[in-house]
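Got the model open in your viewer? Here's a short tour, one selection at a time.

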Amino acid sequence: MRRSLALALGLLALPALLDAAAAETITISSSVTGPTAGLCVAGSPSAPSESGLFVQVLDQSIYYTIHSPTATPSSTVGGLAAANTILLLDRASDFRAIRAGGTDARAYLVCVRR
């Protein structure tokens, strides 16, 4: 009975274990940055079906853009996000960021299904 129960609970937990999302914490400095190339690309080993991106700014303000993987965010292009700001994007590769002040910032990025 215990063995059957353990097996049943293990099978119930399996989809959650297989559905772990790719994630990383990045440092946002004076050079434009974004997620590691391929982090959320559909079909990659670490993210078989993710393409969206959850972003949480951890500390320090940043300028960011969400419309192009080649955009350069600034005080006149894109938006300003303070610490603890959360962004949910449809395309991970479109997120680009640069620090807004003299101190580097960090952001936590998680691939999500969209």
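Leaving aside its neighbours within four places in sequence, which residues is Tyr63 in contact with? Select Tyr63 and look around: the list is Pro73, Ser74, Ser75, Gly79, Leu80, Arg96, Ala97, Ile98, Arg99 and Ala100. Keep in mind as you click that this is a predicted model.

**The whole chain**

Zoom out and colour by secondary structure. You should see one helix and seven strands, and along the sequence they run α-β-β-β-β-β-β-β. The protein has 114 residues, and 32% of them count as buried. Now turn on contacts with a separation of 6 or more: residues 24 or more positions apart account for 75% of these. Switch to a surface view and you have about 6,800 Å² exposed, with 58% of it supplied by carbon and sulfur atoms.

**Back to Tyr63 and its surroundings**

Tyr63 sits in strand 3. Select Ser75 along with Tyr63: they are 12 residues apart along the chain, and their C-alpha atoms are separated by 6.7 Å.

Next, add Ala100, in the loop between strand 6 (96-99) and strand 7. Ala100 and Tyr63 are 37 residues apart along the chain, with 5.6 Å between their C-alpha atoms. Beyond its neighbours within four places in sequence, Ala100 is in contact with Ser61, Ile62, Tyr63 and Leu80. Leu80 is worth showing as sticks here, since it is on the contact list of Tyr63 and on that of Ala100. Is Ala100 buried or exposed? Neither, as it turns out: its relative accessible area is 29%, so Ala100 is partly exposed.

**The salt bridges**

Show the Asp and Arg side chains now. How many salt bridges does the count come to? Three.

Start with Arg106 and Asp59, whose side chains meet at 3.0 Å, N to O. Arg106 lies in strand 7 (residues 105-112) and Asp59 in strand 2 (residues 52-59), so this pair ties together parts that are 47 residues apart in sequence. Both ends are partly exposed: Arg106 has 39% relative accessibility, and Asp59 has 22%.

Now jump to Asp104 and Arg99, where the salt bridge has an N to O distance of 2.5 Å. Here, too, both residues are partly exposed, with Asp104 at 34% relative accessible area and Arg99 at 23%. Arg99 should look familiar, as it is among the contacts of Tyr63.

That leaves Arg91 and Asp94, with their closest N and O atoms 3.2 Å apart. Check the accessibility of Asp94: at 9% relative accessibility, under the 20% cut-off, Asp94 counts as buried.

**The largest pocket**

Bring up the pocket display. The largest pocket holds about 200 Å³ of space. It is lined by 15 residues, and those closest to its centre are Pro35, Gly38, Val41, Ala92 and Ser93. What does the lining divide into? Eight nonpolar residues, five polar and two charged.

Pick Val41 from that central group. Val41 is in the loop between strand 1 (23-28) and strand 2, and it is partly exposed, with 46% relative accessibility. Draw a C-alpha to C-alpha distance from Val41 to Ser93: 8.4 Å in space, for residues 52 apart in sequence.

**Two backbone stops**

Finish with a couple of phi values. Select Gln60, in the loop between strand 2 and strand 3 (62-65). Gln60 isn't a glycine, yet its phi is positive, near 65 degrees. At 37% relative accessibility, Gln60 counts as partly exposed.

Then go to Asn84, in the loop between strand 4 (79-81) and strand 5 (86-89). What is phi for Asn84? About 75 degrees, again a positive value in a residue that is not a glycine. Asn84 is exposed, with a relative accessible area of 54%.

Key:
Residues numbered from 1 in each chain as written. Predicted model: local features only at pLDDT ≥ 70, side-chain atom pairs only at ≥ 80, totals over all residues. Heavy atoms only, no water. Helix = DSSP H or I, 4+ residues; strand = E, 2+ residues; numbered from the N terminus. Buried < 20%, exposed > 50% of the residue type's maximum accessible area, 1.4 Å probe, protein only. Contact = heavy atoms within 4.5 Å. Areas by Shrake-Rupley, 256 points an atom, 1.4 Å probe, with all protein chains shown as cover. 1 Å grid on protein atoms, 1.4 Å probe; cavity = no way out; pocket = protein on both sides within 12 Å on 5 of 7 lines; lining within 4 Å. Points joined across faces, edges and corners; volume = space filled by probe spheres on them. Nonpolar A, V, L, I, M, F, W, Y, C, P; charged D, E, K, R; others polar. Salt bridge = Lys/Arg side-chain N within 4 Å of Asp/Glu carboxyl O.
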